[in-house]
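Please open the structure in a viewer and keep the sequence at hand. The tour proceeds by selections, each followed by a description of what is found there.

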Amino acid sequence: WVREVKKVPLQDFVKGRSQADVGALLGGLTQVAISKMLKADRAIYVQKQPDGTYRAIEEKVVSRHSDGK
């Protein structure tokens, strides 16, 4: 049985945390990298793993057509 891991939008995950702290939680990303992710129009989510670590996931559409057809 696979348990669904909750995804939190990066914009919500950074609330109450410094960008440097978020970068450290995500495996050593720099504050600049976090800032660029927040400014870009990208679907980036953070998931807490069963071992207590965090990872960032970017969702992308892989279709030739922007409407997904």
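How many bridges join β1 to β2? Strands β1 and β2 run antiparallel and are joined by three bridges. The model under view is a predicted one.

**The whole chain**

Begin with the complete protein, shown as a cartoon. Three helices and three strands can be identified. Followed from the N terminus, these elements come in the order β-α-α-α-β-β. The protein comprises 69 residues, of which 19% count as buried. About 5,500 Å² of the protein is exposed, and carbon and sulfur atoms supply 52% of that area. Among contacts in the protein with a separation of 6 or more, 42% belong to residues 24 or more positions apart.

**The sheet**

Next, select the three strands. Together they make an open sheet in the order β1-β2-β3, and the pairing is antiparallel. Residues 7–9 form β1 and residues 54–59 form β3; each of these strands has a single partner and stands at an edge, so one of its sides is left without a neighbour in the sheet. From one strand to the next, the twist averages 35°.

Now restrict the selection to residues 43–48, which make up β2, together with β3. Six bridges connect this antiparallel pair. Three positions along β2 may be labelled with their partners:

- Y45 lies opposite I57 of β3.
- V46 has A56 of β3 as its bridge partner.
- K48 is bridged to Y54 of β3.

On the other pairing, K7 stands opposite Q47 in β2. Between β2 and β3, the hairpin has five residues, and G52 there adopts a positive phi near 95°.

**Tyrosine 45**

Centre the view on Y45, which belongs to strand β2. Is Y45 buried or exposed? The answer lies in between: Y45 is partly exposed, because its relative accessible area is 22%, while the limit for a buried residue is under 20%.

Display the surroundings of this residue. Beyond its neighbours within four places in sequence, Y45 is in contact with K7, V8, P9, L10, R55, A56, I57 and E59. One of these deserves a separate selection: K7 lies over the face of Y45, 4.8 Å from the ring centre. For a further distance, select D12: its C-alpha is 9.0 Å from that of Y45, although 33 residues separate the two in sequence.

**The aromatic pair**

Select F13 and Y54 next. The structure holds one aromatic pair. It consists of F13 and Y54 in a tilted arrangement, with 5.1 Å from centre to centre and 55° between the planes. Distant parts of the chain are linked in this way, since F13 lies in helix α1 (residues 10–13) and Y54 in strand β3, 41 residues apart.

What is the relative accessible area of F13? The value is 6%, so F13 is buried. Add R17 to the selection: its charged end sits over the ring of F13, 4.1 Å from the centre of that ring.

**Leucine 26 and alanine 20**

Move now to L26, placed in the loop between α2 and α3, the latter spanning 31–39. L26 has a relative accessible area of 11% and is therefore buried. Which residues does L26 touch, not counting those up to four places away in sequence? They are L10, I34, V46, Y54, R55 and A56. Of these, V46 may be highlighted: the C-alpha atoms of L26 and V46 are 8.4 Å apart in space, with their positions 20 residues apart in sequence.

The last selection is A20, in helix α2 (residues 19–25). With a relative accessible area of 46%, A20 counts as partly exposed. V32 is twelve residues away from A20 in sequence, and the C-alpha distance between the two is 8.6 Å.

**Views to retain**

Two selections may be saved for later reference. One shows Y45 with K7 over its face. The other shows F13 with Y54, its partner in the tilted aromatic pair, and with the charged end of R17 over the ring of F13.

Key. Residues are numbered from 1 along each chain as its sequence is written. This is a predicted model: local features need pLDDT of at least 70, side-chain atom pairs count only at pLDDT 80 or more; totals for chains, interfaces and linings use all residues. Side-chain values use heavy atoms; hydrogens and water are left out. Two strands pair if DSSP finds at least two bridges between them. Helices (H or I, at least four residues) and strands (E, at least two) are DSSP runs, numbered from the N terminus. Axes are lines fitted to C-alpha atoms, for helices over the stretch in contact, and angles run from 0 to 180 degrees between N-to-C directions. Buried means under 20% relative accessible area, exposed over 50%, partly exposed in between (1.4 Å probe, protein chains only). Contact means heavy atoms within 4.5 Å. Accessible areas come from the Shrake-Rupley method with a 1.4 Å probe; for residues, only the protein chains shown count as cover. Rings of Phe, Tyr and Trp (its six-membered ring) pair if their centres lie within 6.5 Å; planes under 30 degrees apart count as stacked, over 60 as edge-to-face and the rest as tilted. A charge sits over a ring if NZ of Lys or CZ of Arg is within 6 Å of the ring centre and within 35 degrees of the ring normal.
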